[in-house]
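Open the model in your viewer and keep the selection tool at hand. Each stop below tells you what to select and what is there.

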Amino acid sequence: METVEAKRTRSVRKSRGEVRKMKGRRREGEGARRSPSLDIIPLGGIGEIGKNMTAFMYGDDIIIVDAGLMFPREELLGVDYVIPDISFLEKHRDKIRGIFLTHGHEDHIGALPYVIPKLGVPVYGTVLTLALAEARLSEHPDVEYDFIPVKAGQTVKAGRFEVEFLKVSHSIDDAVGLAIKTPIGTVVHTGDFKLDLTPVGGKIMDLNRFAELGKQGVLALLSDSTNAERPGFTMSESEVGETFVNYFRQAKGRIIVASFASNIHRIQQVIDVARIYGRKICLSGRSMINVVASALELGYLKADPDAFVEFDELPKLPDKAVVVLTTGSQGEAMSGLSRMASGEHPKLSIKEGDLVIISASPIPGNERGISDMINLLYRKGASVINDATDMVHVSGHACQEELKLMMTLVKPRYFIPVHGEYRHLYKHAALAEKIGIRPENIFIPETGTVIHVNKKSATQKGTVPSGSVLVDGLGVGDVGNVVLRDRKKLASDGLFIVVVTLSRKGQELVTTPDVVSRGFVYMRESEELMDESRRLVEDIVSGNCRDRSCDQSALKSQIRRELSDFLYEKTNRNPMILPIIIEV
């Protein structure tokens, strides 16, 4: 039986052991507190225009800024959209506290229909931004979402993060930057912005708050780099309105204005000038109609109810009393303006005397489509005004002097340029160095790079899975390099199909092989080539199936190989060859 003294001794030993464990845990805790860290992980918008998405991770908490798409370049044949790879976020889904949207452009909200079902987290944004996101999600009725509206000046707590929404000027209303407060310091994310001292609507960027944050101390600044190559300041949106006044005053016929549907400020200026000159407005394009309806309902657009007319009412009006506000500023094949130019629009065609104002600058990759559309408009007898001929568009992004002003106000310890191609990021980094940010504190990231920041230092430390996911129709991610390679081959050299019919028992040809050419040669004018191809296939089949144990896989490979060599010798082309073997 254990004595009282033994019990006391054992109790003391236990207490001492617990004290040692507690001290050890305290030391570990103190060490963790001495060097807590924030990981900044760009998942899109780096080295590209569009597909903007950045993750911020502190301990067991993650927040996401924006979820945008990118429109495909010409080489992505048949692809509808490009969205960020979110496999890293899916793996850490239980840590994500929310998605925070800076504004309502597609390159910042367009991936939401594909991201929300996989992450299932709340989405925070200003009222107009969420309205545009909701319109985007209306095309995906099965997606459930939790939208939480906020206002500039409001702060939201999300785990260990506190996110403050900062009013900025951009080419869309209700745009915000973010002050992301963490236990180790504040990170400022500008979103897309410019300095506009005479904005349409009168809501000026909250430069005072950016300056206050700079005085309080900012750990890192992530800033829009889109116009980092352009010197000076971006012109005010209100100057476009003055240009509109001149053209509306001079126009004798109909005026067709093509713009981005989301550019509420531009639409407001068209409405205002149309009212001055007694013109009624007809809306064309589903996105234009939906956005204008939402903006009017929410009060972001101001217009009399009788300012708008339907297409059916246009024939009753004189041409000088008509303005058509349409989509199609990027030359999209199915847009309102493109269909008017080609004569395929069901309600309206371009005619001589029309004035067409293309109030947008080309997105990289769209230049050819816009040029072709402008040529069509001239052929129809219209006069065309675009950004290259007069100031009917101004950028929504800050130029060099505005970028330098932002860095001077915020005074960040670390600087990370975002939202731009690599030449934009490098130019922005050079500007940061010019205003005194030390080169070792400037980080030009790659997509998926982890920028590890604590109170004492910052380093680029490892990567996470990242890249692009292609959306084609209802397929998300099922189009990869192999499929794109096949599409390019089909587009460049065409398809050559060989149908071989074999007997089930004898493994011999039942009939002469059929050959079909699509996009390779015109069969009626190449009968000799077709006949020679059939004879070659007959010889290959005879050589492979003599012993009545025909290996179909080997037979297909040989047909593909020998026929490819033969066709290249005859035509100097390499069509995709598709052998089909049927047993009867």
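The tour goes from the whole chain to a sheet, then to the helices beside it, and ends at one more helix.

**Whole chain.** Select everything; bear in mind that this is a predicted model. The chain has 584 residues, and buried ones make up 52% of them. Its secondary structure consists of 16 helices and 26 strands. Of the contacts between residues at least 6 apart in sequence, 71% join residues at least 24 apart. The accessible surface is about 27,900 Å², with 49% belonging to carbon and sulfur atoms.

**The sheet.** Select residues 495–502, which are strand E24, then add 514–518 for E25 and 576–583 for E26. These 3 strands form an open sheet with mixed pairing, in the order E25-E24-E26. E25 and E26 are the edge strands, each pairing on one side only. From one strand to the next, the twist averages 15°.

Now look at E24 and E25, which pair in the antiparallel sense over 5 bridges. Which residue of E25 stands opposite Leu495? It is Arg518.

**Helices across the sheet.** Select 527–544 to show helix H15, which lies across E24 and E25 and runs at about 45° to E24. Next select 552–571, helix H16: this one lies across E24 and E26, at about 145° to E26.

**Helix H5.** Finally, select residues 127–137. Helix H5 is largely enclosed by the rest of the structure, because 8 of its 11 residues are buried. Colour the buried ones: Leu128, Thr129, Leu130, Ala131, Leu132, Ala133, Arg136 and Leu137.

Notes. Residues are numbered from 1 along each chain as its sequence is written. This is a predicted model: local features need pLDDT of at least 70, side-chain atom pairs count only at pLDDT 80 or more; totals for chains, interfaces and linings use all residues. Side-chain values use heavy atoms; hydrogens and water are left out. Buried means under 20% relative accessible area, exposed over 50%, partly exposed in between (1.4 Å probe, protein chains only). Helices (H or I, at least four residues) and strands (E, at least two) are DSSP runs, numbered from the N terminus. Contact means heavy atoms within 4.5 Å. Accessible areas come from the Shrake-Rupley method with a 1.4 Å probe; for residues, only the protein chains shown count as cover. Two strands pair if DSSP finds at least two bridges between them. Axes are lines fitted to C-alpha atoms, for helices over the stretch in contact, and angles run from 0 to 180 degrees between N-to-C directions.
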